[in-house]
Amino acid sequence: MTAAYTPNPTALGNSLWLTALIALLPLVTIFVTLGALRWKAHKAGLTSLAVAILVAILAFRMPVDLALLSATEGAVFGLFPITWIVMTAIWLYQVTVVSGRFEDLRETFNLVSDDPRVTAILIAFCFGGLMEALAGFGAPVAITGVMLMAVGFSALRAAMIVLLANTAPVAFGAIAIPIITAGNLTGIDYHDIGAYVGRQTPLLAAFVPLLLVFLADGRRGLRQTWPVALTVGVSFGVAQFISSNYVSVELTDIIASLVGLAAGVLLLQVWKPAGREEANERLRTELEREHAELGLTDPDAGGAGGVSTMTKIAVAQPITGSRIGMALFPYLLVIAVFSLAKLWGPLKDFLAGTDRKIHWPGLDGEILNAAGKPVSSTVYNFQWLSSPGTLLLICGFIIALVYRLPMRKAIGEFAATVHKMRFPMLTIASVLALAYVMNLSGQTITIGTWIAGTGAAFAFLSPILGWIGTAVTGSDTSANALFATLQQTAGAKAGIDPTLLVAANTSGGVVGKMISPQNLTIAATAVGLLGQESLIFRKVVAWSIGLLVILCLLVGLQSTVLSGMLP
């Protein structure tokens with residue numbers, strides 16, 4: 001039987017910096033293959049996984065069987081719940097398409113605003129923030145991506161917008177799970193961590209809608225629509241600050257999303273942006289050019305790769321109240337189901353009771369942390385009923401019944417979605433396998449320990465750890481599981497407020513999510529850009545790094561001259 005393995009951050013020549021540099025090789029591999037070499041995402045993921053396994057075995061001296069078993073647990077986690085959530089989210093969308101109801105959604109949005117730039121804010125930022133609050137795990141990107149295509153955005157631009165929008169809400173996503181996880185691991189009251197985060201991410205949130213408009217229509221669009229973008233962003237940010245500090249950490253994103261949406265809708269009752277027709281024409285031209293260049297399906301065939309052909313409803317036909325209700329029904333149902341599952345105690349407890357803990361065979365108890373205790377991540381939580389993916393599946397069947405869609409057709413769409421997801425499945429499984437190998441072998445913590453050795457300057461660098469952790473795992477919760485305790489320890493040693501650094505880890509993670517290979521694959525799959533993850537990565541990586549730099553400066557200043565901003 002293999003002896004228990006304890007990761008050694010100085011495995012190479014008793015040198016932390018040398019070991020950390022070698023530990024960076026898997027990350028360098030995936031970013032180079034995606035960004036520079038433009039490989040398909042599943043090839044980049046598999047290659048980086050192979051590098052991580054070799055580094056674990058050869059540099060960190062992890063037993064071969066433990067390295068391979070770590071990869072298997074990560075791959076299974078990538079398939080369930082991550083891929084399961086994405087698959088059911090896309091299938092739910094397809095049910096609305098083949099029923100002929102999805103075109104009504106476009107007309108419904110037009111009642112609020114027929115300007116696609118404004119609609120992008122309301123869908124990607126406000127509705128996406130609400131979905132992040134309730135579900136997370138990629139569901140907001142998948143659902144809002146296809147919704148943006150319904151109002152005329154090209155696949156590439158829709159993917160870019162939803163990835164950028166899925167930043168500010170992430171820290172408080174899934175009922176504040178990232179912050180609660182950090183609190184449980186560090187012993188710091190998670191309400192305190194949430195209050196600190198609530199004085200960091202709202203500053204990003206205030207400007208994200210402006211960036212979304214710039215992505216949607218450049219400088220011209222920014223000049224024409226900045227009032228509504230700033231109104232929504234500031235309202236969201238203020239509500240996020242107030243809720244996280246004085247109301248409820250768990251409900252922060254729900255409150256902020258609804259306040260931002262209400263503020264935007266109210267402003268649009270008295271003010272309309274200029275340039276709507278020109279913006280629509282530019283989007284249409286771009287859509288046609290993209291389909292010609294990338295060889296995609298007919299622009300009017302619906303998103304998600306054109307798996308199904310949308311049933312047309314004449315635009316000239318006036319939309320009625322019943323059609324509006326039916327168009328919004330799927331999304332109102334999702335919000336209702338997730339709200340009950342997450343917020344109603346009896347149902348929440350029942351669902352949690354159905355989870356099954358699986359001690360990963362051959363791995364559980366064989367990997368020890370620095371304190372000599374078995375790590376907890378070798379226990380796989382099989383959430384067969386409580387998973388957001390299963391809840392989306394239930395919603396999908398209810399929607400099919402309400403829409404009177406034959407079950408044979410709904411199941412056929414599910415089979416088509418599974419077939420279309422075959423390469424994204426491989427990508428997500430390989431990326432999560434990579435994350436587990438790096439985490440359990442000690443590669444990730446070695447990188448973090450190395451960065452944490454910078455002393456007082458670490459306050460400026462601390463968000464980078466959250467950024468790296470989320471970029472690798474696709475989850476701010478996982479990034480906090482990796483680095484929250486390290487941030488706390490480094491802060492105590494450097495004389496920096498530990499709560500500030502733990503919060504910085506959470507905030508840094510929100511801007512790392514948009515370049516996570518897992519999230520890139522989700523976005524590409526949802527909008528029908530299969531195999532184009534490297535293209536999306538190159539379009540959003542500069543935004544991610546730019547926002548990270550801003551966060552680093554903010555946290556560094558909060559540790560010194562702006563300490564008065566903190567609770």
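## Helix α9

Helix α9 bends by about 30 degrees at Ile180. The model described here is a predicted one. Helix α9 covers residues 173-186, and its 14 residues should span 20 Å at 1.5 Å a residue; the C-alpha atoms at its ends lie 19 Å apart, which agrees. Directly after the helix comes Gly187, whose phi is positive, at about 80 degrees.

How much of α9 is covered? The helix is mostly covered, as 11 of its 14 residues are buried. Among the buried residues are Gly173, Ala174, Ile175 and Ala176 near the number at which the helix begins, and Pro178, Ile179, Ile180, Thr181, Ala182, Gly183 and Thr186 further along. Ile180, where the bend is placed, is thus one of the buried residues. The buried residues of α9 pack against six helices named by their residue ranges: α6 (116-134), α10 (190-197), α13 (252-268), α15 (321-343), α22 (476-494) and α23 (498-512).

## Helix α25 and Gln558

Helix α25 is formed by residues 533-558, 26 residues in total. From its first C-alpha to its last it reaches 36 Å, close to the 38 Å expected at 1.5 Å a residue. A kink of about 40 degrees is found in α25, and its centre is Val540.

Gln558 belongs to helix α25. Is this residue buried or exposed? Gln558 has a relative accessible area of 0% and is therefore buried, the cut-off for that class being under 20%. Apart from neighbours within four places in sequence, the residues in contact with Gln558 are Arg199, Gln200, Leu500, Ser563, Met565 and Leu566.

## Leu163 and its surroundings

Leu163 is part of helix α8, which comprises residues 155-165. Its relative accessible area is 0%, so Leu163 is buried. When residues up to four places away in sequence are not counted, Leu163 touches Val141, Met514, Asn519, Leu520, Ala523, Ile536 and Val540. One of these partners, Val540, is also the centre of the kink in α25.

Leu163 also has a distant sequence position close at hand in the fold: Ile515 is 352 residues away in sequence, yet the two C-alpha atoms are 8.3 Å apart.

## Leu18 and Trp450

A second pairing of this kind involves Leu18, which is located in helix α1 (residues 16-23). Between the C-alpha atoms of Leu18 and Trp450 there are 9.5 Å, while 432 residues separate the two along the chain. Leu18 has a relative accessible area of 32% and so counts as partly exposed.

## Two helix pairs

Helix α3 (residues 41-59) and helix α4 (residues 64-98) have axes that come within 9 Å and cross at roughly 150 degrees. The two helices are therefore roughly antiparallel to each other, and their crossing is right-handed. On the α3 side the residues that meet α4 are Leu49, Ile53 and Ile57; on the α4 side they are Val64, Ala67, Leu68 and Ala71. In an α-helix there are 3.6 residues a turn, so residues three or four places apart point the same way.

In the second pair, the axes of helix α20 (residues 443-452) and α22 come within 10 Å and cross at roughly 25 degrees. This makes α20 roughly parallel to α22. The crossing of α20 and α22 is right-handed. Thr444, Ile445, Gly448, Thr449 and Ala452 of α20 make the contact with Leu482, Phe483, Leu486 and Ala490 of α22. Helix α22 is also among the helices against which the buried residues of α9 pack.

## Backbone features

Most residues other than glycine have a negative phi, and most peptide bonds are trans. Where is the peptide bond that is cis? The bond from Phe80 to Pro81 is cis, with omega near 20 degrees, and Pro81 lies in helix α4.

Asn14, which is not a glycine, has a positive phi near 55 degrees. Asn14 sits in the segment before α1, and its relative accessibility of 66% means that it counts as exposed. Arg38 likewise is not a glycine and has a positive phi, of about 60 degrees. Arg38 is placed in the loop between α2 (25-36) and α3; with a relative accessibility of 54%, Arg38 counts as exposed.

Conventions:
Residues numbered from 1 in each chain as written. Predicted model: local features only at pLDDT ≥ 70, side-chain atom pairs only at ≥ 80, totals over all residues. Heavy atoms only, no water. Helix = DSSP H or I, 4+ residues; strand = E, 2+ residues; numbered from the N terminus. Expected span 1.5 Å × (residues − 1). Bend = angle between axes of the 7 residues up to and from the residue. Buried < 20%, exposed > 50% of the residue type's maximum accessible area, 1.4 Å probe, protein only. Contact = heavy atoms within 4.5 Å. Axes fitted to C-alpha atoms, helices over the stretch in contact; angles between N-to-C directions. Parallel < 35°, antiparallel > 145°, perpendicular 65-115°, else oblique. Left-handed = near helix turned anticlockwise from the far one by under 90°.
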